[in-house]
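Visitor: I keep meeting words like "buried" and "salt bridge" when I look at proteins. Could you show me how such labels are earned?

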Amino acid sequence: MKTMKQTINMKKTYLYPCIIGLCLLAISGCKAPALTAEEKVTLPDTYLQENGNNIALLSWKDFFPDEILKAYIDMALAHNHSFLQTMENVSIARSQMRVGKGALLPEIALGVGAGVQRFGDYTMDGVGNSTTNTPDLDPEKHIPSPYKDFNIGISFQWEADIWGKLTNKKRAAVSRWLKSVEAQKLARTVLISETASLYYDLIGLDKQYDILEDAIRDVQASYELTSELMREGEVSRLSVDQFLSSRIRLEAEQIAVKQQIGETERALALLLGKLPFEIKRTSYATLLRATFPVQQGIPADLLARRPDVRAAELELLASKSDAQAARKSFFPSLTLGGSAGFNAFDLSHWFSSPASAVYNLAAGLTAPIFRRNEIRALWESAKSNQRIALLNYHQQALHAYQEVANLLEATQLTEQRRKLKREECLVHRRSVDDANELFRTGFVGYLDVLTANERHVDCELEQVELNIYFCQLNTLLYRSLGGGEF
């Protein structure tokens, strides 16, 4: 038979490799998750232009030239209810992050207790206490009846993070908190762009209202002229009625625009978190003179600043940490615990040291053997969630690139359309003047005047819509690049 010494040596022979293996696993579990080369998304260096000014570094206060709009954006950021809810979600995520960080720390509790209990004379405890109180025992140590118990002490429990499982949970919590911060940035950017879009809508509607007002005045003048000519017998009532119907149609369109102005003002007030009030805005002519920095060129690497892409990347990192933590749930866990304090049944001896001092210290190693496939199911789910997060990250990055490319192209082409529309409006204005002059001299009929007026009014309204659309395109493009610095 083997001696005891040989048996101990054999155990050490097997024990040392196990300890080395455990240390290697612990070191590998402490590595921070990072995106691999396969996980990263490679995008072109530029969009449709060469690299220009770094627009993403601009604050929205530097991007928007309108001081009135800036004041409304400040008001929206301070009072918009949906945005304030997003801010609270960030606070909730921050609390969850603190919980994840706290998992690495020991759990310490302070306890103070007092109680009284009387044991029956014909019970095991009652008889045992009676036999314990012998004459040779110090009377101060006799167990009283009823029995009093005074206890005060500190206890702790701590799980050693030997595999890095708790570290991975902490990393996942931190990544999700950062994701909530990116979501808050996205909500901020969307709120800014929506406020600017409604503000530009109001300016455009004001201009359309003025255009229709001028058109009504011109048609009224033609109506009065044809009425005079009808009384002189030079034209029929048909001519008069055509101008009258045209004026009524324009008046109806003007009323519809007035309704849109009211609805837009109330929508903007709601976005600002206020009851409806009079919305001040700049003039349409001032808006046309405004320039946007986005027109100077945009580098493609600005996509890294988009909150939705950053949030998708952080969710991917969090899912990787979740998968690592789930895998390490198969390993045994080491838990340390203990307590220390004072315990006595006599209040006068409660804090006697070391007579009333008590303490205990314990350690336990727990390894899962069979938990009804619970751990394996969590691990498989974590791996699937990681793959879903990777696909979502790639989708968000590609969508962001496509969105910026489309908006940039639309901005460039819309600028070309604006130039053509300005030339078209000038031509229609000249046609209206010529038609009115020829009508007065009798070279053309009333239909030519009506047609020229209608085409000119339609062109003017389309030009306003195109100019407002151009401003909104720049706002959307600024948002799609991440919304700049705050």
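Guide: Let us take some labels one by one and test each against its cut-off. Please keep in mind that this is a predicted model.

Visitor: To begin, what is the chain built from?

Guide: The chain has eleven helices and four strands. Of its 486 residues, 36% are buried.

Visitor: Why is Cys459 called buried?

Guide: Buried means under 20% relative accessible area. Cys459 has a value of 1%, so the label buried fits. Cys425, at 5%, is therefore buried as well.

Visitor: With cysteines in the chain, how many disulfides does a search find?

Guide: The search covers the whole structure and finds zero. To count, a pair of cysteine sulfur atoms has to be within 2.5 Å.

Visitor: What makes Ile154 partly exposed?

Guide: Partly exposed is the range between the cut-offs of 20% and 50%. Ile154 has 47% relative accessibility, so it counts as partly exposed. You can find Ile154 in strand E2.

Visitor: Does Ile154 belong to some surface feature, and if so, which residues make it up?

Guide: Ile108, Leu110, Val112, Ile154, Phe156 and Leu361 make a nonpolar surface patch of about 660 Å². Strand E1 (107–117) and strand E2 (147–160) each supply at least two of the patch residues. E1 gives the most, with three residues.

Visitor: Why is strand E1 said to lie largely in the open?

Guide: E1 has eleven residues and the number buried is zero, so the strand lies largely in the open.

Visitor: How do you know that E1 and E2 pair?

Guide: Pairing takes at least two bridges between the strands. E1 and E2 are joined by eleven bridges and run antiparallel. Ile108, for one, has Phe156 in E2 as its bridge partner.

Visitor: What makes Glu67 and Lys70 a salt bridge?

Guide: A side-chain nitrogen of Lys or Arg must be within 4 Å of a carboxyl oxygen of Asp or Glu. Between the side chains of Glu67 and Lys70 the N to O distance is 3.3 Å, so by that cut-off the pair is a salt bridge. Both residues lie in helix H3 (residues 67–79), three residues apart, about one turn of the helix.

Visitor: Are Glu67 and Lys70 buried or exposed?

Guide: Glu67 has 55% relative accessibility and so counts as exposed. Lys70 has 15%, and is therefore buried.

Visitor: Which salt bridge links distant parts of the chain?

Guide: Arg306 and Glu403 form a salt bridge, with their closest N and O atoms 3.1 Å apart. Arg306 is in the loop between helix H8 (284–289) and helix H9 (307–327), while Glu403 is in helix H10 (residues 374–441), 97 residues apart. Arg306 is buried, because its relative accessible area is 5%.

Visitor: Which residues are joined into one network by salt bridges that share partners?

Guide: Those are Arg176, Lys179, Glu315 and Asp322. Across the structure there are 19 salt bridges.

Visitor: One last label: what makes the bond between Ser353 and Pro354 stand out?

Guide: Most peptide bonds are trans. The bond joining Ser353 and Pro354 is cis, with omega of about 5°. Look for Pro354 in the loop between strand E3 (333–344) and strand E4 (357–366).

How values were computed
Residues are numbered from 1 along each chain as its sequence is written. This is a predicted model: local features need pLDDT of at least 70, side-chain atom pairs count only at pLDDT 80 or more; totals for chains, interfaces and linings use all residues. Side-chain values use heavy atoms; hydrogens and water are left out. Buried means under 20% relative accessible area, exposed over 50%, partly exposed in between (1.4 Å probe, protein chains only). Patches are made of residues with over 30% relative accessible area and no salt bridge: like charges are joined within 9 Å, nonpolar side chains (Val, Leu, Ile, Met, Phe, Trp, Tyr) within 5 Å. Accessible areas come from the Shrake-Rupley method with a 1.4 Å probe; for residues, only the protein chains shown count as cover.
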